[in-house]
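Biologist: I should like to request a close look at one part of this model, beginning with the pairing of its charged side chains. Please set that part in its surroundings and then in the chain as a whole.

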Amino acid sequence: GVALAYGLTGVLRSVAPPDLPRADGIGVDGVVLGFAALAAGLSAVAAALGPVLGTRFVRLQEALSEGARTATAGLRAGRYRDRLVAAEIALALVLSIGAGLLLRSFDRLIGTELGFEPEGRVAVQVFAYTDRGAADTLYLRAATEAIARVPGVLGVALTTSLPGADDRTIAAIENYLPVYVEDRGSAGEGRDPRVNVVAISGSYPGVLGIHLVKGETFDDDALRGAPAVEVDQDRRPVIPILVNEAFVRRHLGPGAVLGRRIVFRGRQETVGRIRGVLADVRRRGPASEPQPEVYVPQALSPSGTATFVAHVGGPPRAMVEAVQEALWSVNPLQAQWAARSLPDLHRDWLRQRTFTLTVVGAFALVALLLAAIGVYALMSFTVEQRAGEFGIRRALGAEGSDVARLVLRHGGTVAAAGVATGLAAAALATRFLRSLLFAVEPLDPPTFAALGGLVLVLALAAALIPARRATRVDPLEALRAD
């Protein structure tokens with residue numbers, strides 16, 4: 001146990017999420033070993049005191065009569081043993097169902113479409129402003145070109161808000177503005193809805209692998225080369241924009257989308273004309289839901305808060321440093337807020353659930369092992385105590401298979417009682433897992449049925465060895481010993 005503890009604490013630290021308090025302090029020391037030794041000692045004493053104290057309530061005549069009839073330590077003691085093993089099975093099933101629900105949830109989580117492709121992408125976040133507080137557009141443009149020249153870089157884009165940013169390394173920046181849909185008013189909400197407005201370069205959808213559902217994206221060079229920004233009859237600037245599918249569903253409704261106009265409220269109203277529709281992205285990790293978003297061209301709405309995203313052909317981790325060096329080659333004094341590969345960011349979102357699944361799964365495996373040992377020990381003890389009975393049955397013509405069925409029926413009855421109790425207890429306990437589940441209900445029938453059947457089969461398999469031993473009881477030896 002001590003050796004396993006030393007080994008498994010290292011595994012626990014490796015899967016612990018970054019925000020788990022004092023995760024680096026998980027380990028085995030003198031206090032932990034002392035507590036474990038005390039707990040083991042008290043468990044042993046409690047296990048020994050139970051049978052000893054039970055003898056104080058035994059009636060001599062009843063015990064002798066039971067012993068004469070069955071050659072066992074008593075029917076009452078046998079019932080207590082059966083209930084204890086059934087309780088072990090029930091507890092194992094509760095933990096197993098909890099682990100099974102988390103596993104199904106995790107499987108669905110990792111299979112969730114993010115709306116973008118993290119593999120092969122590298123992100124570096126900067127805050128590039130001039131002394132006057134304006135966006136340093138010259139640096140941003142030169143840095144983009146420098147990254148594009150790095151060997152192995154397949155494409156580069158700029159954005160003010162990176163999907164998957166977790167605020168622990170790369171800052172998750174969201175800019176919510178009230179918008180007004182010109183031909184629908186406030187989308188029936190009675191007030192201007194607020195949506196996340198993201199400034200992006202024209203290459204952004206292609207570099208991140210975001211599907212362009214309809215329309216077209218921006219041409220940065222054409223926008224920069226335009227003589228002036230278009231204005232409408234109210235002297236408001238008109239810029240091309242992209243929206244996501246969630247925005248269309250919530251604020252535009254059915255009908256044509258391209259060409260429709262929305263108004264950004266603010267100190268100076270700006271009109272956006274929809275040029276294209278992008279697929280939804282899960283911005284706050286795979287468990288989050290897509291929210292309405294509007295994308296504006298970074299060339300017309302420059303911001304010094306920028307994240308460079310590079311699509312690379314080699315291992316992303318190995319390319320992070322090369323991308324950073326490219327940025328410093330443009331301006332060695334430009335601070336970089338954070339640099340990460342997007343696969344690492346994606347794994348960070350999964351680490352909390354991985355940690356919970358690992359801990360609950362480990363407890364479930366230990367509980368299953370203990371339950372199997374309990375059934376095996378109970379059946380072995382029963383076979384030993386009933387050796388005389390089995391000998392008499394064999395002497396009277398019973399086949400070995402009949403004796404084996406007798407033992408397996410006993411083990412199956414105990415296991416069935418434990419499984420039934422465990423299913424009922426799990427139905428109550430799994431409600432507390434709701435916040436940890438994704439696309440899986442706490443009372444998921446396939447999980448309950450599969451693990452209930454698995455525990456039942458495991459218990460019967462544990463009873464099989466003692467059952468086979470019972471078939472080899474020699475009638476003469478058993479009767480002589482009796």
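Modeller: A salt bridge is counted here where a side-chain nitrogen of Lys or Arg lies within 4 Å of a carboxyl oxygen of Asp or Glu. The model is a predicted one, and by this rule it holds 15 salt bridges.

The pair that I would take as the centre of the close look is R104 with D444, whose side chains form a salt bridge with an N to O distance of 2.8 Å. R104 belongs to helix α4, whereas D444 sits in the loop between α12 (400–429) and α13 (445–471), so this salt bridge ties together parts of the chain that lie 340 residues apart in sequence. The two partners fall into separate classes of accessibility. R104 has a relative accessibility of 28% and therefore counts as partly exposed, since the buried class ends at 20%. D444, with a relative accessible area of 9%, is under that cut-off and is therefore buried.

The next residue along helix α4 adds to this picture. S105 is found in that helix, which covers residues 75–110. At 1% relative accessibility, S105 counts as buried, because the value is under 20%. What does S105 touch, once its neighbours within four places in sequence are left aside? The contacts of S105 are R353, L436, L437, F438 and V440. The loop between α12 and α13, which carries D444, is also where A439 lies. The backbone of A439 deserves inspection: its phi is near 60°, a positive value in a residue other than glycine.

A second positive phi value occurs elsewhere, beside another salt bridge. D167 has a phi near 70°, and D167 too is a residue other than glycine. D167 lies in the loop between β2 (153–159) and β3 (176–181). The residues on either side of D167 pair with each other: the side chains of R168 and D166 meet in a salt bridge at 3.6 Å, N to O. Of these partners, R168 is partly exposed, at a relative accessible area of 39%, while D166 is buried, at 7%.

A further pair is E293 with R283, in which the closest N and O atoms are 2.4 Å apart. E293 is in strand β10 (residues 293–297) and R283 in the loop between β9 (270–278) and β10, so that the pair links parts of the chain 10 residues apart. E293 and R283 are both buried. Beyond single pairs, salt bridges with shared partners join E182, R236, R261, R265 and E269 into one network.

Two other places may be compared with the centre of this account. The first is V312, in strand β11 (residues 305–312). V312 is buried, because its relative accessibility of 4% is under the 20% limit. The C-alpha atoms of V312 and G152 are separated by 5.5 Å, although the two residues are 160 apart along the chain. Not counting residues up to four places away in sequence, V312 touches G120, V122, G152, V153, L154 and M319. The second place is E389, in helix α11 (residues 387–395), which is partly exposed at a relative accessible area of 24%. From E389 to V473 the C-alpha distance is 10.0 Å, and the two residues are 84 apart in sequence.

It remains to set these places in the whole chain. Its secondary structure comes to 14 helices and 12 strands. The radius of gyration is 34 Å, well over the 23 Å that the globule rule gives for 482 residues, so the chain is more spread out than a compact globule. The C-alpha trace spans about 110 × 50 × 40 Å along its principal axes. Of the 482 residues, 43% are buried. Among contacts between residues at least 6 apart in sequence, 79% join residues at least 24 apart. The accessible surface is about 25300 Å², and carbon and sulfur atoms account for 60% of that area. As to charge, the chain has 50 positive and 46 negative charges, and the mean positions of the two sets are 7 Å apart.

Key: Residues numbered from 1 in each chain as written. Predicted model: local features only at pLDDT ≥ 70, side-chain atom pairs only at ≥ 80, totals over all residues. Heavy atoms only, no water. Helix = DSSP H or I, 4+ residues; strand = E, 2+ residues; numbered from the N terminus. Buried < 20%, exposed > 50% of the residue type's maximum accessible area, 1.4 Å probe, protein only. Contact = heavy atoms within 4.5 Å. Rg over C-alpha atoms; globule rule 2.2 N^0.38 Å. Areas by Shrake-Rupley, 256 points an atom, 1.4 Å probe, with all protein chains shown as cover. Lys, Arg positive; Asp, Glu negative; His and termini not counted. Charge placed at Lys NZ, Arg CZ, Asp CG, Glu CD.
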